[in-house]
Amino acid sequence: MTTTPPSTSSHPPVDYHDPSARGRLEVKGLTKSFGPQQVLRGVTLSVDPGSTTAIVGPSGSGKTTLLRLIAGFEGADAGSVTLSGRALAGIDAWVPAHHRDVGYVAQDGALFPHLTVGQNIAFGIDASDLAGGRKAVRARVAELLEMVSLDGALAARRPHEISGGQQQRVALARALAREPELMLLDESFSALDAGLRVATRRTVAKVLHDAGITTVLVTHDQAEALSFADQVAVMRDGLLAQVDSPLEVYTRPVDRATAEFLGDAVMLEAWVDGDTATCSLGSVPLAATTLRGRVQLMLRPEQIRVDDDGPIRGVVVDTDYFGPESTVRLELTSSREPGCETSALAREGEIISIRHSNAFIAARGTELRLRIEGEAIAFPATATGAPA
Amino acid sequence: MTTDLTAPGAHRATGTGTAPTPGPGTRPGPASGRRRPHALAVIAVLIALFSLVPLGYVIAMTVATGWDTAVSLIFRARVGELLLNTILLMAVSVPLCLVLGVGGAWLVERTSLRGNRFWALALAAPLAIPAFVNSYGWVSAVPSLAGLWSGVLISVLSYFPLVYIPAAATLSRLDPSLEESAASLGLGPWQVFRRVVLPQLRLAMTGGALLVGLHLLAEYGAFAMIRFDTFTTAIMVQYQSTFNGAAGNMLASVLVVLCLLLLVAEVRSRGTARYARVGSGGQAAPGRMPLGRLHVPAQLALLLLVVLAVGVPMWFVVRWVVLGGSEIWAPDELVPALLQTLVYGVAGAVATTLVAFPMAFLAVRRPSWFTRSLELSNYITSSMPGIVVGLAFVTVSIRFLPAFYQTAVVLVAAYVLLFLPRALVSLRSGLAQAPRELEEAAQALGVRPLGAFVRVTLRLTAPAAAGGAALVFLAIVNELTATLLLAPNGTTTLATEFWAKSSEIDYAGAAPYALLMVVLSAPMTYLLFQQSKKAAGQ
């Protein structure tokens, strides 16, 4: 597990390995069933103080349930939740949601429709805790609005009078008002449209990072998970398939399903002998593996580059143009460089996808020459991952 | 039953789709909420059992009567005569209500009819006039009114809005792209109406027809006044002569069977097709068809309908008031009746809303076979005529709770049972607008569960609860049958006092009571009309 301590945080240094450090979240062996359906099957996760973890997985994988258990909206069947060394849920321990120092931002923000924006933000503030009563509450609301980059004049508006992105930021300000040790974001950006989503996500990430609040984000959007978090936890069928840094989970996925969930993957049959694999693209360098013999090889499309001197040839079948990039589908042709050994796996006519930034050269029927960059990942040949 | 627009038909319309996603998201935490739902479930079961008292009473009475006696009491000429009357009344009135209701709704909502906003309200206005007041007005106009065709006249004029309101609400929300698609597939305007619009109206039509049918079976005052015999009037006559005779009870069991048959017929004809809009995105306002040469006839037809349904009864109410002069405004009779009506109306409305809350809460927050069976029991109860509920409560209170016989408690309990569906429909749509997520958000902000429930869920449900309570109030103000049976000695309401006077042919003396009922009902009818527009799309 990798850790990225908040570099710009003004908070006192914390011992990131101290299990009771403020903001450290420990989840151990959580299970949860709804009737006959087991939604969580023993989830263990550790989140460092002040860091950001994204739980990503297809719908129905149990990620929202996990978040609700951490928030205290529901109780687990077994396992424990510990925050800052304090047991929130577990054997003989149960802290109800309203006594947990946990903030929660729902998918649609869940702003109270009968209150103004300001009243929403002040909802969890106990006026008697602040010296100065109402005036202090108003000042705090203004401060929180500014914190999430919103105009103070919005405080008088009703939730339905502001945009979706503003609603999400108000929901964040409302949750921040109580200075939680942990912030839970449940698909908090999914309801926003593409441009707004990125901008809102950036603002939220910065606010939480500056405040040094441990954050757990649940999302089904792998790009969001990879860009938002210090640590990505890939969830599937009620279990965490992989927990690691974004780079690691993307480039070194533990299995085919994880690989295909996190992005496009070129899957090829291959034969492993030592550090290289032989496949229809020829010999490919391999990340360290104990596998031998017949395997499934995974390459990210961007690892296959167009290069005039490349050893692999393919004819463009079709392209999907996205603007900055195209996905180009190629049919491999067998004629490799003289001297390059052919193997039984080098099947002529196999079709692969690559990414390319120059759409002009990728006209249909053009022959391209390719080479492979970086290492491929080998999975057992019997891997039963669902196609992405 | 009185004019109960929101009963079974509309009840289901809001029942599907408005609830937050069921399933995993709706389980309680270990310590936080587990006790509350269980207590709620127990309360809801008790309410459901209580609501089955009338049906249980009818079954128990039939069993107690014994097979041979029951057969001899049911299979006799008198029952055949009543059955024929009832079937003929329904066979003529229900289709007429459908034609007038759907036709009116279509003219108002989908054509270039001028003054359509006025007509929209005018066609709902007959609901503010209780059927027995309508009957009183018509008997004043044509004293010789009697028999089947008079029954049809009064029924259609009183009850066509029960079809019109849901039909208008559906039409105004119908996705115009469906009709545009049909047109682009080569269908002419009439074909579009028949093959696309009419099928979309199916829920509104079957639900409205069911309501009209149930009202026809339950109405007492309107038919008694024109001497048209139905099961309800016959039961009342039996009750007044023999109090708790086997003959009256057997008539009641036949009546209940008819009501249940109507429920089954409605469920059958409702079909299983999907009527909700598929897909997402904004919806344009439906287009309007130019009326052209038909504009004047359309205006005249609507004018005639409204004059017959509202103008005639109101004209004669006002005429009697004027003719009666100052002496008919006897404060010693009028004031107690008004006050007691208001007290019973408010007490009944509050009690009904309180009783409806646990059922609505369970139905929205924890949908399951359990809550669906609770709703089924409620659905059956909502079809029970006031006369049966009245008889059941009279008998049960004498038998098991003599201390309560002829007390306000029993009467309010009967109101609760009769009008529970109205409160339920409102509360359900209100609760659907207060999703569990908001309550959780409050808890995550440090508010304890009970506080979160009060500050968020109750607060957000309050307007809907008030709306439901207002509709119950409207129903109680105009309730006659059960009140006649159950009101404590000396208690008079506007409806019972009106009935006592008009039964003595003191039409002038009855007029102020009729006027007061209409005045009290008018704002509530407007509310009902508004609410139906909101509920239709759900």
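1. Let us start with Ser227(A), which counts as partly exposed because it has 14 C-beta neighbours inside 10 Å; a buried residue would need 20 or more, and an exposed one would have 12 or fewer. Please keep in mind that this is a predicted model. Ser227(A) sits in helix α6 of chain A, which covers residues 222–228. Its distance from Arg202(A) is 9.5 Å, C-alpha to C-alpha, with their positions 25 residues apart in sequence.

2. It may help to step back to chain A as a whole. Its secondary structure comprises eight helices and 21 strands. Of its 388 residues, 43% are buried. Among the contacts in chain A with a separation of 6 or more, 69% join residues 24 or more positions apart.

3. How is chain A divided into domains? The assignment gives domain 1 (25–101 + 180–251) and domain 2 (264–380). Domain 1 of chain A is thus written as two stretches of sequence. Between the C-alpha centres of these two domains of chain A the distance is 36 Å.

4. Now to chain B, where you will find 25 helices and zero strands. Buried residues account for 53% of the 538 residues in chain B. For contacts in chain B with a separation of 6 or more, the share from residues 24 or more positions apart is 84%.

5. A good place to look inside chain B is the pair formed by helix α9 (residues 161–173) and helix α12 (residues 202–218). Their axes are 8 Å apart, and the packing angle is about 165°. An angle over 145 degrees counts as roughly antiparallel, so α9(B) and α12(B) are roughly antiparallel to each other. Their crossing is right-handed. On the α9(B) side, the residues involved are Leu162(B), Val163(B), Pro166(B), Ala167(B) and Thr170(B). Their partners in α12(B) include Ala204(B), Gly207(B), Gly208(B) and Leu211(B).

6. Helix α12(B) also packs with helix α15 (residues 246–270) of chain B. Here the angle is about 175° and the axes lie 9 Å apart, so α12(B) and α15(B) are again roughly antiparallel to each other. From α12(B), residues including Leu203(B), Leu210(B), Leu214(B) and Leu217(B) take part. They meet a set in α15(B) that includes Leu255(B), Leu258(B), Cys259(B) and Glu266(B).

7. Leu255(B) deserves a second look. Leaving out residues up to four places away in sequence, Leu255(B) touches Leu217(B), Phe231(B), Thr232(B), Ile235(B), Pro385(B) and Val388(B).

8. Which residues touch the most other members of the largest nonpolar core? They are Leu297(A), Val163(B), Leu255(B) and Ala414(B), in a core of 275 residues. Helix α20 (residues 408–432) of chain B contributes the most to this core, giving 17 residues. Chain A takes part too: at least three residues of the core come from each of domain 1 (25–101 + 180–251) and domain 2 (264–380) of chain A.

9. Finally, consider where the two chains meet. The contact involves 21 residues of chain B and 25 residues of chain A. On the chain B side, the elements giving two or more residues are α21 (436–444) and α22 (449–477). Of these, α21(B) supplies the largest share of that side, with seven residues.

Methods:
Residues numbered from 1 in each chain as written. Chains lettered and ligands numbered in written order. Predicted model: local features only at pLDDT ≥ 70, side-chain atom pairs only at ≥ 80, totals over all residues. Core = buried A, V, L, I, M, F, W, Y, C linked by C-beta atoms within 7 Å. Helix = DSSP H or I, 4+ residues; strand = E, 2+ residues; numbered from the N terminus. Domains from an automatic or database assignment. Contact = placed C-beta atoms within 7 Å. Axes fitted to C-alpha atoms, helices over the stretch in contact; angles between N-to-C directions. Parallel < 35°, antiparallel > 145°, perpendicular 65-115°, else oblique. Left-handed = near helix turned anticlockwise from the far one by under 90°.
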